[in-house]
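Hello,

Here is the structure I promised to send over. Have a look at the sequence and the 3D view first, and my notes follow underneath.

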Amino acid sequence: MSSKEKPTLGGTRIKTRKRNITAPLDPAAFADAVVQIYLENAGDLELVAKNVESSDLNFSRYGDTFFEVVFTGGRTQPGTIKPDEGERHPYSVLDCHPKREAILPYVLYIQKILRRRPFLIKNLENVMRKFLQSLELFEENERKKLAIFTALTFSQKLSGLPPETVFQPLVKDNLVAKGLVLSFITDFFKEYLVDNSLDDLISILKRGKMEDNLLDFFPSARRSAECFSEHFTKEGLLALVEYHEKKIFEVKLKEMKSSLTTQIAEETDVSEVIETAKQRVKDANLPDVEVVRILWDVLMDAVQWSGKNQQQNANAALRQVKTWAGLLNAFCTSGKLELELMYKVQIQCYEDAKLMKLFPEIIRSLYELDVLAEDTILLWFRKGANPKGRQTFVKALEPFVNWLEEAEEEE
């Protein structure tokens with residue numbers, strides 16, 4: 001007799017693990033359950049939060065649905081903001097007054113929920129992105145509520161909400177063209193700046209990759225610095241207007257500097273460089289003082305410095321001054337601008353060790369090339385206002401000043 005087990009025709013029975021069985025999605029039942037919590041507590045957000053926290057609802061599965069209920073009072077149809085079938089409650093964000101006092105409790109309520117369930121921040125992002133991409137589907141006062149809510153989420157530092165979630169969906173061409181984005185962002189700015197500084201706002205815009213693209217919020221026909229200033233001045237946001245004007249100014253300075261640097265590096269004819277500089281100044285409406293500062297920076301940046309060899313550095317700097325004296329002369333057209341050039345030379349020689357001993361030689365060279373007048377040099381020597389290295393430079397320049405004064409007496 002064989003002890004081997006006889007073969008059977010039944011096959012092998014495979015056991016199904018319970019965790020592999022997926023329950024069907026039922027967001028409608030979840031939404032109804034959340035709505036019921038609101039209704040049972042008459043919209044008291046403190047009580048609603050407690051009951052939500054103690055419930056066994058599946059938030060990890062229906063996070064988006066939860067925030068739809070918070071914002072609209074119930075579930076919305078996929079791809080829209082229209083109400084779906086099921087119960088609704090009248091205590092949503094969109095049902096309250098468009099005032100910060102009415103909307104702030106909702107932000108604090110969501111903050112409590114996120115502290116207990118931080119994973120829900122992604123669902124909040126999803127729903128906010130969906131609503132912001134669909135601004136045209138909301139009434140005007142509903143858009144205002146969304147703007148105030150959004151501003152307060154950042155003002156209250158709502159856990160983990162990234163600014164790009166807010167700003168990137170807004171710059172859709174169709175929304176911008178209708179002026180909806182400009183209206184929304186204006187309400188956002190005004191509300192956020194109630195409790196925060198302009199620096200805080202700029203920080204958010206940087207993180208949202210919008211700091212350099214504020215004009216993108218304007219319809220294309222109004223996308224200009226003038227329209228920006230006019231609009232936000234009218235809305236009382238003067239600090240933002242000043243910031244934007246400063247930003248534009250800095251960009252124009254940078255563009256001019258880049259253009260001149262290229263020409264000087266290529267040893268373009270001085271007359272051509274002067275024309276380029278004049279055109280840039282005209283187009284950008286740059287102040288004469290800034291132009292003088294830029295010209296000196298550009299000239300010194302183009303010098304081929306030789307490391308620690310002081311004499312070679314001196315020769316290179318003085319050769320640059322001599323080569324481009326005509327450029328400096330074209331823009332140093334008054335005693336005030338000549339004095340500004342002296343201050344610029346003083347500061348650079350003070351801050352750059354390799355130029356520290358070159359100050360008197362540079363000034364003398366600029367005098368001999370008719371860039372600096374005698375009166376300007378004497379004024380700087382006697383009453384110069386910039387303290388950086390002044391005592392050292394005054395002493396170094398004294399022999400040259402004595403020579404000027406002696407020559408003046410002889411005349």
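Before I use any helix labels: a helix here is a DSSP run of H or I with at least four residues, and helices are numbered from the N terminus. With that in hand, Phe-218 can be placed in the loop between H10 and H11. Please keep in mind throughout that this is a predicted model.

Let me stay with that loop for a moment. Is Phe-218 buried or exposed? Phe-218 counts as buried because its relative accessibility is 0%, and the cut-off for buried is under 20%. Apart from neighbours within four places in sequence, Phe-218 touches Val-176, Leu-182, Arg-223, Cys-227, Phe-228, His-231 and Phe-232. One of these partners, Leu-182, is 36 residues away from Phe-218 in sequence, yet their C-alpha atoms are 5.8 Å apart.

Ser-220 also sits in the loop that joins helix H10 (198-207) to helix H11 (225-234). Ser-220 has 62% relative accessibility and so counts as exposed, the cut-off being over 50%. From the C-alpha of Ser-220 to that of Glu-406 there is a gap of 65 Å, with the two positions 186 residues apart along the chain.

Now the chain as a whole. It has 20 helices and zero strands. Its C-alpha trace spans about 125 × 80 × 40 Å along the principal axes. The radius of gyration is 34 Å, whereas a compact globule of 411 residues would come out near 22 Å. Of the 411 residues, 46% are buried. Among contacts with a separation of 6 or more, 68% are between residues 24 or more positions apart. The exposed surface comes to about 22600 Å², and carbon and sulfur atoms supply 48% of that area.

Next, the empty spaces. Rolling a probe the size of a water molecule over the atoms shows where such space is left. How many cavities of 30 Å³ or more are there? The count is one. The largest cavity has a volume of about 40 Å³, and its lining is made of Phe-71, Met-128, Phe-131, Leu-132, Leu-146, Phe-149 and Thr-150. Helices H5 (121-132) and H6 (140-155) each give at least two residues to this lining. By class, six of the cavity's lining residues are nonpolar, one is polar and none is charged.

The largest pocket is about 220 Å³ in volume. You will find it lined by Ile-264, Glu-267, Ala-302, Val-303, Gln-304, Ala-316, Arg-319, Gln-320, Thr-323 and Trp-324. Helix H15 (residues 310-323) provides the largest share of the pocket lining, with four residues. The pocket's lining residues split into five nonpolar, three polar and two charged.

Finally, two helices further along. In helix H18 (residues 359-368), the buried residues include Phe-359, Pro-360, Ile-362, Ile-363, Ser-365 and Leu-366. After H18 comes Asp-370, with a positive phi near 65°. Helix H19 (residues 374-383) contains Thr-376. Thr-376 has a relative accessible area of 6%, so it is classed as buried. Its contacts, leaving out neighbours within four places in sequence, are Gly-335, Glu-338, Leu-339 and Met-342.

Happy browsing, and best wishes

How values were computed
Residues numbered from 1 in each chain as written. Predicted model: local features only at pLDDT ≥ 70, side-chain atom pairs only at ≥ 80, totals over all residues. Heavy atoms only, no water. 1 Å grid on protein atoms, 1.4 Å probe; cavity = no way out; pocket = protein on both sides within 12 Å on 5 of 7 lines; lining within 4 Å. Points joined across faces, edges and corners; volume = space filled by probe spheres on them. Nonpolar A, V, L, I, M, F, W, Y, C, P; charged D, E, K, R; others polar. Buried < 20%, exposed > 50% of the residue type's maximum accessible area, 1.4 Å probe, protein only. Contact = heavy atoms within 4.5 Å. Rg over C-alpha atoms; globule rule 2.2 N^0.38 Å. Areas by Shrake-Rupley, 256 points an atom, 1.4 Å probe, with all protein chains shown as cover.
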